[in-house]
Amino acid sequence: MQYVSTRGHATAQTFSHILLGGLAPDGGLYLPAEYPQVSDAELNRWRALSYADLAFEVLRKFATDIPDADLKALTHKTYTADVYRNGRAGEDVEQITPLRVLEEKAGCKLVLQALSNGPTLAFKDMAMQLLGNLFEYTLAKNNAALNIFGATSGDTGSAAEYAMRGKKGIRVFMLSPHKKMSAFQSAQMFSLQDPNIFNIAVEGVFDDCQDMVKAVSNDHAFKAAQKIGTVNSINWARVVAQVVYYFRGYLSATTSNDQKVSFTVPSGNFGNICAGHIARMMGLPIDKLVAATNENDVLDEFFRTGIYRVRKSAETYHTSSPSMDISKASNFERFVYDLIGRDDARLSALFHKVETAGGFDLSGNPGSDGDEFRKIAEYGFQSGRSTHQDRLDTIRDVEKRYGVTIDTHTADGVKVARDYVTPGVTMIVLETALPAKFNETIREALGRDAERPDGFENIEALPQRFDVMAVDVAKVKAYIAGHTGL
Ligand SMILES: *Cc1c(COP(=O)(O)O)cnc(C)c1O
């Protein structure tokens with residue numbers, strides 16, 4: 001299996017080669033040269049598999065340069081009931097992403113798929129835990145080292161740190177805005193005592209942290225000398241690891257391959273739902289893929305109108321589902337590439353226009369850049385948006401009707417899913433975080449605290465390990481160099 005860049009000017013690469021990188025050298029995103037297909041017989045055989053074995057079967061179609069025995073060992077090391085143990089009382093932890101039926105009436109079925117039972121209580125663990133093991137495996141083979149450098153406002157940084165802690169050959173340097181994360185999120189990250197994890201609290205806002213990461217990334221000599229890599233959401237291995245749970249959800253919710261299911265996906269950078277698109281392109285019988293956004297509705301606007309319009313910082317809102325607060329959707333280019341028939345020259349022109357004019361228009365209206373909007377239904381995509389008030393109402397309603405507390409991102413999903421539930425097609429809403437992570441809003445909605453999984457009762461009281469730093473690129477470079485000894 002070879003990987004090509006959406007922009008068409010990078011040499012084709014193997015899975016292992018793109019594993020440790022980010023963007024392709026031509027500025028595009030990597031995708032397989034063609035999507036591997038699943039047969040009816042395979043789907044039937046996969047129904048009975050454990051999550052780890054299913055992950056092996058799906059991933060071996062993409063990671064063809066990793067020997068089967070090694071890949072199987074990696075998926076079995078990653079997807080264990082012990083790692084994904086933070087589910088609600090009564091959930092079967094062996095299933096890794098258990099389903100919970102919320103409602104079944106008049107042939108309509110609404111189901112939650114729990115993706116947030118891993119160590120940081122958010123769905124990013126599903127892919128990041130595998131990435132940690134894949135990185136360690138690849139680095140050991142090449143006797144190499146990697147220093148991961150990134151910025152976080154919460155979920156990504158903690159998922160990366162819990163995936164990389166204690167891994168040989170890997171260090172993590174993570175910037176976060178000092179005193180701007182919730183007490184729970186800071187405690188999760190800063191209580192890690194592993195010597196390969198470095199938390200740097202920057203005296204600024206998240207954008208300052210991101211600017212520092214960009215400045216360091218643009219210093220190619222420093223980056224190469226310090227062996228710096230990233231684990232952001234465009235990483236192909238993260239996307240492909242997420243394909244697995246669409247298969248798991250489908251196979252658990254159906255009894256025969258004649259049945260279809262739909263997925264509603266709380267969306268920000270389009271990484272999660274992009275994996276659903278890939279599962280569908282592989283032949284998984286998915287009916288609808290519904291993108292649910294919050295007030296930052298770049299994606300909802302596109303799927304309603306065909307117009308992609310990135311937002312300026314001042315138009316990007318801080319909401320109570322903060323992990324979906326995006327101004328542009330960094331994985332969206334992967335879907336557009338397929339939508340326009342994999343025409344890389346045209347794709348490059350469209351995304352060049354994003355940089356120069358802030359977006360593009362595929363509505364088919366006079367003067368637009370194309371008419372592919374008419375084809376969106378063929379790919380199953382639909383969308384909706386939700387507001388803070390909708391989240392409060394949905395959290396209360398789901399609690400009252402079904403006795404389940406959901407987090408704010410999942411609430412965006414449930415709110416939007418309800419508009420698209422159809423008889424005979426199970427609607428699976430992907431649960432992307434547990435409510436304990438966003439307790440402030442749970443309190444506002446329900447007047448009480450969210451329940452916490454065992455072991456998280458007092459994390460705010462644990463000793464914390466982090467360094468405070470001014471917004472200063474030279475300082476962060478010196479800090480990294482001082483700790484890598486390179
Ligand atoms: C990251 C995240 C999302 C958004 O996922 P994308 O892949 O960026 O679309 C949604 N919910 C939670 C809780 C997240 O952490």
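How many of the 6 residues of strand S9 (residues 261-266) are buried? I started this notebook with that one, keeping in mind that the model is predicted.

**Entry 1: strand S9**

I counted 6 of the 6 residues of S9 as buried, so the strand is largely enclosed by the rest of the structure. I then looked at the two faces one at a time. On one side I found Val-261, Phe-263 and Val-265, and on the other Ser-262, Thr-264 and Pro-266, with both sets buried. That split fits the usual pattern, because side chains in a regular strand alternate between the two faces of the sheet.

Next I asked which strand S9 pairs with in the parallel sense over 5 bridges. My answer is S10, residues 286-293. To fix the register, I noted that Thr-264 stands opposite Val-290 of S10. So Thr-264 serves me twice, because it belongs to the buried set on S9 and marks the pairing with S10.

**Entry 2: the five-strand sheet**

I moved on to an open sheet of 5 strands, which I read in the order S8-S5-S6-S7-S15 with parallel pairing. Why is one side of S8 and of S15 left without a neighbour in the sheet? S8 (228-229) and S15 (467-469) stand at the edges and each has a single partner strand, so one side of each stays free of a neighbour there.

Inside that order I checked two pairings. S5 and S6 run parallel over 6 bridges, and Leu-146 has Ile-170 in S6 as its bridge partner. S6 (residues 170-177) also pairs with S7 (residues 197-202), again in the parallel sense and over 6 bridges. Here I used Met-174 as my marker, since it stands opposite Asn-199 in S7. For cover, I found 5 of the 6 residues of S5 buried, so I wrote this strand down as mostly covered.

**Entry 3: two positive phi values**

I looked for positive phi in residues other than glycine and noted two cases. Leu-121 has phi near 65 degrees, and it sits in the loop between strand S4 (108-114) and helix H5 (124-142). Asn-143 has phi near 50 degrees, and its place is the loop between H5 and strand S5 (146-151).

Is each of these loop residues buried or exposed? Leu-121 is buried, at a relative accessible area of 0%. Asn-143 counts as exposed, with 74% relative accessibility.

**Entry 4: the ligand**

I turned to the ligand and found 15 residues around it, the closest being Lys-124, Asp-155, Gly-268, Asn-269 and Asn-272. By class, the shell divides into 5 nonpolar, 8 polar and 2 charged residues.

For the oxygen atoms of the ligand I wrote down these distances:

- Asp-155 places a polar side-chain atom 2.5 Å from a ligand oxygen.
- Asn-269 has a backbone N or O atom 2.7 Å from a ligand oxygen.
- Gly-271 has a polar backbone atom 3.2 Å from a ligand oxygen.

How much of the 380 Å² that the ligand exposes when taken alone does the protein bury? My note says 96%.

**Entry 5: Glu-372 and Lys-214**

Glu-372 caught my eye in the loop between strand S12 (359-361) and strand S13 (381-385). At 9% relative accessible area, I have Glu-372 down as buried, because the cut-off is under 20%. I also looked for a side-chain partner, and found that Glu-372 and Arg-346 are joined by a polar contact of 2.8 Å.

Lys-214 belongs to helix H8 (residues 206-218). With a relative accessible area of 51%, Lys-214 is exposed, because the cut-off is over 50%. I measured off its separation from Gly-150 in the model too: 64 residues in sequence, and 9.2 Å from C-alpha to C-alpha.

**Entry 6: what the record lists**

Last, I opened the UniProt entry, which is unreviewed. It gives "domain: Threonine synthase N-terminal" for residues 2-79. Over that span I found 41% helix and 8% strand, with the end C-alpha atoms 26 Å apart.

The UniProt annotation "domain: Tryptophan synthase beta chain-like PALP", also from an unreviewed entry, covers residues 96-340. This stretch is 41% helix and 22% strand, and its end C-alpha atoms lie 36 Å apart.

Notes: Residues numbered from 1 in each chain as written. Predicted model: local features only at pLDDT ≥ 70, side-chain atom pairs only at ≥ 80, totals over all residues. Heavy atoms only, no water. Near = heavy atom within 4 Å. Polar contact = N/O pair within 3.5 Å; in protein donor to acceptor, adjacent residues only side chain to side chain. Areas by Shrake-Rupley, 256 points an atom, 1.4 Å probe, with all protein chains shown as cover. Nonpolar A, V, L, I, M, F, W, Y, C, P; charged D, E, K, R; others polar. Helix = DSSP H or I, 4+ residues; strand = E, 2+ residues; numbered from the N terminus. Buried < 20%, exposed > 50% of the residue type's maximum accessible area, 1.4 Å probe, protein only. UniProt positions renumbered as here; feature names shortened; annotations may be inferred. Pairing = 2+ DSSP bridges.
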